[in-house]
Amino acid sequence: MIIVLKKEATEEQIQHILEKTTKLGLKPNISRGVERTVIGLIGPEDVLRVTPLEVFPGVENVIPVLAPFKLVSREFKKENSIVKIREGLEIGGKKLHVFAGPCSVENKALMLSIAKKVKDAGAAVLRGGAFKPRTSPYDFQGLGEEGLKYLKEAGEKYNLATITEVMDSRDVELISKYVDILQIGARNMQNFSLLKEVGKLHKPVLLKRGISATVKEWLMSAEYILSNGNFSVILCERGIRTYETGTRNTLDINAVPLVKSMSHLPILVDPSHATGAWNLVGAAAKASVAAGADALMIEVHENPEEALSDGSQSLLPEKFENLMKELKNIAKAVGREL
Ligand code: PEP
Ligand code: MN
C-alpha cells in the first residue's frame, strides 16, 4: 500500500500518519520526491479496513501496490530514480555513464595505467575486484585490502568514482571506506544477510542479477536493500544462464525495458560478463544503450592474455576507446547523451 501525500501536506500531518501506521503494526517508509512525497506501507494491510487512511489530513490518494516488491515498483514511484554517486555524477538521468576497468585489481601499475586510459576515453567510474568470487578455489582470489588501496589511489589520481564487489557481510565496513559504489555480484544476489547489510549504508549499491534469477526475484532482492533504508540502488543485467554454450551467458536485452516498466530504479548492463567474449562486447553494449540502459560496465585490460581473471572478455584500451565513440552515436539516436 502506498500513501500519496498532498503537495501542501504539513510535517505534522506526515508525522501523524507515520505514528498511526506504526501503531497499527505497519512499517512506513517515506520517500520525499521532487514532485511529491509518498509513504510505502509494509505489513498486514487488512488493519486498514478499520482505519481508512484516505480520510487522514494531508493524504491525497492511497494506492494498493499489487507487485510483491513494493518500494522498488513503478506503482510506488512513477518517475525514474536517479542515483547520485557524487557531485556531477548521477545514474538514471539523460546522461549515460560507463564504468570500466579490469576484472580484478592485479597490481598498482595496472590500475594507474588503466585508470588513465579509461578516463581519457570518457569513463566515469573505475572498476576492479579485490575480493573475487571465483568458481574454483585454486584461482586468483583477489588482493583484498591491498587491492582496495590501489583502486582508491587510481580513482583519486584520475578523478574517477570507484566500484568493487563485496562478497561477505563482514567486509562491508572495510570496503565502504575505500569505494564509492558497492557491487553485489551475481552469485550473491540472494545473499539476504548481505543485502540487509548494504541496505543500512548511505552508499550506492550495484545489484547484479543472479545467474539464473528471474526479473521478479532480482527485484525482490533490490527490495531487501530499499526496505532497509538504502534507496540508492542500480540494477545490473549481466546475462543469464541458458542452454546456449556459444557464449558465457545470454544477455537478456528484454530485461532492460521490462525492468524499466516494473521499477523506477536505473539499470546498468554489463556486456562483458553477459557475453564472455571481447569480440561480442561492442555489439552487446550498443544494443543495451539502444534498449534504454542507463549505464554500462565494461572490463578493460592492457594485456588480456596475461589477465588473472576474465581476460577473454576484456577489451584492450584502444578497442574500448573506439567503442566509446560508437556508443555516443547510439546514445544520441535514442535521445540520450554520453
Ligand atoms: C565481476 O563483475 O567481475 C563479476 C564477478 O561479475 P558477476 O557477479 O556478474 O559474475
Ligand atoms: Mn570479471
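Glu 299 is buried, and so is Asp 310. I start there for a reason that will come up in a moment. One caution before we go on: this is a predicted model.

Back to that pair. Both residues are donors to a manganese ion, ligand 2. What are the protein donors of this ion? There is Cys 103, through SG. There is His 273, through NE2. Then come Glu 299, through OE, and Asp 310, through OD. They lie 2.0 to 2.3 Å from the manganese ion. Along the chain, the donors follow the spacing C-x169-H-x25-E-x10-D. Where do Glu 299 and Asp 310 sit? Glu 299 is in strand β14, residues 295–299. Asp 310 is in the loop between β14 and α10, and α10 covers 317–333. The two are 11 residues apart, and the pair links distant parts of the chain.

Stay with Asp 310 for a moment. Its relative accessibility is 17%, so Asp 310 counts as buried. The backbone is worth a look too. Most residues other than glycine have a negative phi. Asp 310 is not a glycine, yet it has a positive phi of about 55°.

Now the cysteine. Cys 103 is found in the loop between β7, residues 97–101, and α2, residues 108–121. Is Cys 103 buried or exposed? It counts as buried, because its relative accessibility is 3%. What does it touch, beyond its neighbours within four places in sequence? Two of the contacts are Glu 299 and Asp 310, which we have just met as donors. Ser 309 is in contact as well. So are Arg 127, Gly 128, Gly 129 and Lys 132. Take Lys 132 from that list. It is 29 residues from Cys 103 in sequence. In space, the C-alpha atoms are 8.9 Å apart.

Let's step back to the whole chain. How many helices and strands are there? There are 10 helices and 14 strands. The radius of gyration is 21 Å, close to the 20 Å that the globule rule gives for 338 residues, so the chain is as compact as a globular protein of that length. Along its principal axes, the C-alpha trace spans about 65 × 45 × 40 Å. Of the 338 residues, 54% count as buried.

Next, contacts. Take those between residues at least 6 apart in sequence. Of these, 67% join residues at least 24 apart.

Then the surface. The accessible surface comes to about 15,000 Å². Carbon and sulfur atoms account for 52% of that. On charge, the chain has 45 positive and 42 negative side chains. The centres of the two sets lie 2 Å apart.

Four more residues, quickly.

Val 289 is in helix α9, residues 278–291. Its relative accessible area is 4%, so Val 289 is buried. Leaving aside neighbours within four places, Val 289 is in contact with Leu 96, Leu 296, Leu 327, Ile 330, Ala 331 and Val 334. Ile 330 is 41 residues away along the chain. The C-alpha atoms of Val 289 and Ile 330 are separated by 6.7 Å.

Arg 209 is in the loop between β11, residues 205–208, and α6, residues 215–227. Is this arginine buried or exposed? Arg 209 is buried, with a relative accessible area of 4%. Its contacts beyond four places in sequence include Trp 218, Met 189, Cys 236 and Ile 240. Charged residues are on the list too, among them Glu 237, Arg 238 and Asp 252. Gln 190 is 19 residues from Arg 209 along the chain, with 9.4 Å between their C-alpha atoms.

Asn 159 is in the loop between α3, residues 145–157, and β9, residues 161–165. Like Asp 310, it is not a glycine but has a positive phi of about 55°. Asn 159 has a relative accessible area of 49%, so it is partly exposed.

Last, Lys 116, in helix α2. Lys 116 counts as partly exposed, because its relative accessibility is 39%. Ala 307 is 191 residues from Lys 116 in sequence. From C-alpha to C-alpha, the two are 18 Å apart.

To close, back to the metal. If you look at one place in the model, take the manganese ion with Cys 103, His 273, Glu 299 and Asp 310.

Definitions and conventions: Residues numbered from 1 in each chain as written. Chains lettered and ligands numbered in written order. Predicted model: local features only at pLDDT ≥ 70, side-chain atom pairs only at ≥ 80, totals over all residues. Heavy atoms only, no water. Helix = DSSP H or I, 4+ residues; strand = E, 2+ residues; numbered from the N terminus. Rg over C-alpha atoms; globule rule 2.2 N^0.38 Å. Buried < 20%, exposed > 50% of the residue type's maximum accessible area, 1.4 Å probe, protein only. Contact = heavy atoms within 4.5 Å. Areas by Shrake-Rupley, 256 points an atom, 1.4 Å probe, with all protein chains shown as cover. Charge placed at Lys NZ, Arg CZ, Asp CG, Glu CD. Donors = N, O, S within 2.8 Å, 3.2 Å for Na, K, Ca; no water.
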